[in-house]
Amino acid sequence: PTDNALFDLIECLAGKTGLFEYREIKPREQLKNLLRLKLSETNKNCNERNPQKVVLIAHSQGTIITANALNELSREAGVCQAMKKMLYVYNFANCSHGMENG
C-alpha cells in the first residue's frame, strides 16, 4: 500500500541509496519476518523425496524492498542456506540495484 506519492518516492530513493540501511522500515521488516517464517515452515517439510519451494513475486518499488530484505537475510547463516535451497524470486518492473546471490 502507498503512503502517498511523495513519501513513496523518498522511500524509493532512500532504499536504492542505502539511507535506510541501518534503520528498519516497516515493509522491509515485515517481508524479512514473513520470509524467515515461511522458509522455516517449508524447510521442516522439505526432503529429497518431497522438494519444497517458496515463491516471492515483487513489482516496482517492491523490488527495492525485496532486494534490501534479501541482502540483509543473506547475512543470516540458517536463513541464507534455506534461501539458496528453496527461495525463487521473480521481479517485474525491477528498479532495485541488485539482488544478492547468497
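Q: What makes the residues of α3 count as buried, and which ones are they?
A: In this predicted model, the buried residues of α3 are Q61, T63, I64, I65, T66, A67, N68, A69, L70, N71, E72 and L73. Buried means under 20% relative accessible area, so each of these residues falls below that cut-off.

Q: Why is α3 called mostly covered?
A: Twelve of its 13 residues are buried.

Q: How do you know that the span of α3 is close to the expected one?
A: Helix α3, residues 61–73, reaches 19 Å from its first C-alpha to its last, and 18 Å is expected at 1.5 Å a residue.

Q: Why is I57 called exposed?
A: Its relative accessible area is 59%. Exposed means over 50%, so I57 makes the cut. I57 lies in strand β1, on the uncovered face with V55 and H59. V54, L56 and A58 make up the covered face of β1.

Q: What makes β1 and β2 a strand pair?
A: They share six bridges, in the parallel sense. Pairing takes at least two bridges, so β1 (residues 54–59) and β2 (residues 87–92) qualify. Across from I57 in β2 you'll find Y90.

Q: What makes up the nonpolar patch on the surface, and which elements give two or more residues to it?
A: V55, I57, Y88, Y90 and F92 form it, with about 520 Å² of accessible area together. Patch residues need over 30% relative accessible area, and I57 has 59%, so I57 clears that bar too. The elements giving two or more residues are β1 and β2, and β2 supplies the largest share, three residues.

Notes: Residues are numbered from 1 along each chain as its sequence is written. This is a predicted model: local features need pLDDT of at least 70, side-chain atom pairs count only at pLDDT 80 or more; totals for chains, interfaces and linings use all residues. Side-chain values use heavy atoms; hydrogens and water are left out. Helices (H or I, at least four residues) and strands (E, at least two) are DSSP runs, numbered from the N terminus. The expected span of a helix is 1.5 Å times one less than its number of residues. Buried means under 20% relative accessible area, exposed over 50%, partly exposed in between (1.4 Å probe, protein chains only). Patches are made of residues with over 30% relative accessible area and no salt bridge: like charges are joined within 9 Å, nonpolar side chains (Val, Leu, Ile, Met, Phe, Trp, Tyr) within 5 Å. Accessible areas come from the Shrake-Rupley method with a 1.4 Å probe; for residues, only the protein chains shown count as cover. A salt bridge is a side-chain nitrogen of Lys or Arg within 4 Å of a carboxyl oxygen of Asp or Glu.
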